[in-house]
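Please find below a short set of comments on the model you sent, written for a reader who will want to check each contact against the coordinates.

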Amino acid sequence: METPPQEQMGSFISGTPMPTQDEKTMGLLAHMGTILANFVGLGFAVPLVLMLTKGKESSFVRAHAVESLNFQITMFIAAFVSAITVCIGIGAVLLPIVGIVAIVFAIIAGLKANEGQLYKYPVNIRLVK
């Protein structure tokens with residue numbers, strides 16, 4: 001049985017199999033930028049902009065931006081459900097946990113991106129392909 005071809009990581013322009021330092025930095029920004037953007041309620045904006053701009057040039061940047069965007073959507077849904085359940089007490093416990101999980105996983109993913117590795121969030125609804 002044949003194994004399916006793996007997606008080329010790195011730049012389409014240079015054709016190198018390994019991501020360049022610029023691509024690693026953009027991958028890092030796709031995850032770490034969401035931490036700052038979440039303070040103004042636009043956590044999804046950074047990976048979305050990177051996906052639409054740099055994602056056309058690099059499959060590495062696109063993979064990290066899509067993964068980060070999906071995670072931000074997942075965290076928004078979790079925070080929304082937690083906010084609704086605050087009135088029965090469960091949300092008061094869940095809301096801070098969702099915030100801490102979002103920060104910790106974004107930092108881990110950013111560090112992996114900076115090392116040139118792909119990172120898949122363990123808790124993620126993959127809506128954007």
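The points below deal with salt bridges and then with three individual residues.

1. The model is a predicted one, and the values quoted in these comments should be read with that in mind. The number of salt bridges in it comes to 3, and each of them is taken up in turn in the next points.

2. One of the salt bridges joins the side chains of Glu-57 and Lys-54, with an N to O distance of 3.9 Å. The cut-off for such a pair is 4 Å, which is worth keeping in view when reading that distance. Glu-57 has a relative accessible area of 37% and is therefore partly exposed, and Lys-54, at 25% relative accessibility, also counts as partly exposed.

3. Another salt bridge is formed by the side chains of Lys-120 and Glu-67, where the N to O distance is 3.8 Å. Because Lys-120 belongs to the segment after α4 while Glu-67 belongs to helix α3, this pair ties together parts of the chain that are 53 residues apart in sequence. As for accessibility, Lys-120 counts as exposed, at 55%, whereas Glu-67 is buried, with a relative accessible area of 3%.

4. Glu-67 also meets Arg-126 in a salt bridge between their side chains, at 2.8 Å from N to O. Here too distant parts of the chain are linked, since Glu-67 sits in helix α3 and Arg-126 in the segment after α4, 59 residues apart. Arg-126 is partly exposed, its relative accessible area being 34%. How are Glu-67, Lys-120 and Arg-126 linked? The three residues are joined in a network of salt bridges, and as general background, side chains of opposite charge can pair when their charged atoms come close.

5. Ser-68 is a residue of helix α3, which covers residues 59-84. Is Ser-68 buried or exposed? Its relative accessibility is 0%, so Ser-68 counts as buried. Leaving aside residues up to four places away in sequence, Ser-68 is in contact with Ala-30, His-31, Thr-34, Pro-47 and Tyr-121.

6. Ser-82 is likewise found in helix α3, and with a relative accessible area of 2% this serine is buried. Residues up to four places away in sequence again being left out, Ser-82 touches Gly-91, Leu-94, Leu-95 and Val-98. A separate distance concerns Val-93, which is 11 residues from Ser-82 along the chain and whose C-alpha atom is separated from that of Ser-82 by 8.3 Å.

7. Val-123 lies in the segment after α4, where α4 spans residues 90-114. This valine is partly exposed, having a relative accessible area of 45%. Which residues does Val-123 touch, not counting residues up to four places away in sequence? They are Phe-71 and Thr-74. In the case of Phe-71, the C-alpha atoms of the two residues are separated by 7.7 Å, although Val-123 and Phe-71 are 52 residues apart along the chain.

Key
Residues numbered from 1 in each chain as written. Predicted model: local features only at pLDDT ≥ 70, side-chain atom pairs only at ≥ 80, totals over all residues. Heavy atoms only, no water. Helix = DSSP H or I, 4+ residues; strand = E, 2+ residues; numbered from the N terminus. Buried < 20%, exposed > 50% of the residue type's maximum accessible area, 1.4 Å probe, protein only. Contact = heavy atoms within 4.5 Å.
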